[in-house]
Amino acid sequence: MINRLCIGLGNAGATIVREIADRSILDDVKLYAIDSTTTNATIHTTRDVNYLCTISDEDQGSGRDRERGAAMYRYHESNGDFDEMYSDAIDAKGPVILITSAAGGTGSGSIVPLCKTLLGNGVEIIPVIVFPNQLDPIAYHLNANDLLIELGEVGIATYSIFVNPANTADYTDINNEVANLVEIIFGKKYHATSKDSIDDSDLKHILETPGRFIALSVKAPDTNRLKKEITRKVFSGYQPAWTDIQAQECTFMKAFGLTSMFAADDHTEVFSELNARIPNSYDEYKNVAEEDNNGVAEATVIIAGLPRHEVKEINTEFNEVKGISEGMTRSTRPKFMKRKKATITKPQSTEDGKPKFEWKE
Ligand SMILES: Nc1nc2c(ncn2[C@@H]2O[C@H](COP(=O)(O)OP(=O)(O)OP(=O)(O)O)[C@@H](O)[C@H]2O)c(=O)[nH]1
Ligand SMILES: [Mg+2]
């Protein structure tokens, strides 16, 4: 019997799985990465990641094609290449986390048949999707939008979304945040406590709430700064938050953990700004751990039942450029320019050896 399971797809998914592999707190999580290149497989991690390399056909034009990603996945699936991963998923404890970017081809395309198979086998799954930012090109957003539609069609109810930062290709920070979410939803952040506590069955309940959820953790030297930092991270972090109007229309599920010297006294105050932005909550789970924690106060936040974030509306009436001569007519010249024909004749003898040029009527 294996414990937890996490599968990363495509470049972003494999890179994030590598980050997870380097965290000792997630040692008991079995890791798979599926990608169409072997580059990722050769990068060192502190422990093993099971790499499954799908056929690489880059010379056929592999970039950002979701159809290709899905077809490759189905081919390998029918070949039995994912059988071990599937049996691990069926045996795994708790939900299986699937991580991919939405914008590419391999991960965004193959996560759909993967979800279909796992759901068909009764496996509980949570997709964690890395979205393009508003400044990313149209092709990224079309892939991302198609992915959401297809995940809806296969019946995904609970999921999480991160949005990549604009104007940078340094993903260290956001990838770290995704790994933090994995720690939280696998229950690694809830320190032992004799007071209110969040256990696996509470987490199961929270993560069965339909809709999008966010999960993050925050550290600060004192509770006042912790309160401000929670608000900052929830409302301007990598996971989209919610508007006041959306909050009025939805019923959220909350899980707030606090580890600090006086956690019981401070719990209400630390989450007060956040609670002020949540008018309707169905339930609230608490974890209150009173310990020195090396002088640092640490809070974890899960909010479930969130609406999907705003996707970029794309006008698909593309203005395609015209062919090189489309809409042009051949030019005519004035009569006085009446042209003679230029002819060139081959040299008759080898003496001068030059082609002969003449104007002819
Ligand atoms: N957060 C994060 N985003 C990434 C990372 N690598 C790539 N991206 C973003 O992911 C999108 C591209 O997806 P990839 O994961 O590279 O694509 P893929 O699944 O390998 O698919 P192909 O298009 O077939 O290569 C772009 O929006 C990139 O900005 C990563 O390590 N972390
Ligand atoms: Mg790739």
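What percentage of the 361 residues in the protein is buried? In this predicted model, buried residues account for 38% of the 361.

## Overall form

The protein contains eleven helices and twelve strands. Its C-alpha trace extends over about 110 × 45 × 40 Å along the principal axes. The radius of gyration is 29 Å, whereas a compact globule of 361 residues would have one near 21 Å.

Among contacts in the protein with a separation of 6 or more, 78% join residues that are 24 or more positions apart.

## Surroundings of ligand 1

Ligand 1 is surrounded by 24 residues, of which Gly10, Ser101, Gly104, Gly105 and Gly107 come nearest. By class, this shell comprises 14 polar, seven nonpolar and three charged residues.

Three helices each supply at least two residues of the shell: α1 (10-21), α4 (106-120) and α6 (172-185). The most is given by α1, with four residues.

## Packing of α1 and α4

Two packed helices are described by the distance between their axes and by the angle between them. For α1 and α4, the axes come within 6 Å and cross at roughly 85 degrees. Angles of 65 to 115 degrees count as roughly perpendicular, and α1 and α4 are therefore roughly perpendicular to each other.

On the α1 side, the contact involves Gly10, Ala12 and Gly13; these meet Thr106, Gly107 and Ser108 of α4. The residues of this contact divide into five polar, one nonpolar and no charged. Gly10 and Gly107, which take part in the helix contact, are also among the residues that come nearest to ligand 1.

Definitions and conventions. Residues are numbered from 1 along each chain as its sequence is written. Chains are lettered from A and ligands numbered from 1 in the order in which they are written. This is a predicted model: local features need pLDDT of at least 70, side-chain atom pairs count only at pLDDT 80 or more; totals for chains, interfaces and linings use all residues. A residue is near a molecule or strand if its C-beta atom, placed from the backbone, lies within 6 Å of it. Ala, Val, Leu, Ile, Met, Phe, Trp, Tyr, Cys and Pro count as nonpolar, Asp, Glu, Lys and Arg as charged, and the others, Gly among them, as polar. The radius of gyration is taken over C-alpha atoms; the globule rule is 2.2 Å times the number of residues to the power 0.38. A residue is buried if 20 or more other C-beta atoms lie within 10 Å of its own, exposed if 12 or fewer, and partly exposed in between; C-beta atoms are placed from the backbone. Two residues are in contact if their C-beta atoms, placed from the backbone, lie within 7 Å. Axes are lines fitted to C-alpha atoms, for helices over the stretch in contact, and angles run from 0 to 180 degrees between N-to-C directions. Angles under 35 degrees count as roughly parallel, over 145 as roughly antiparallel, 65 to 115 as roughly perpendicular and the rest as oblique.
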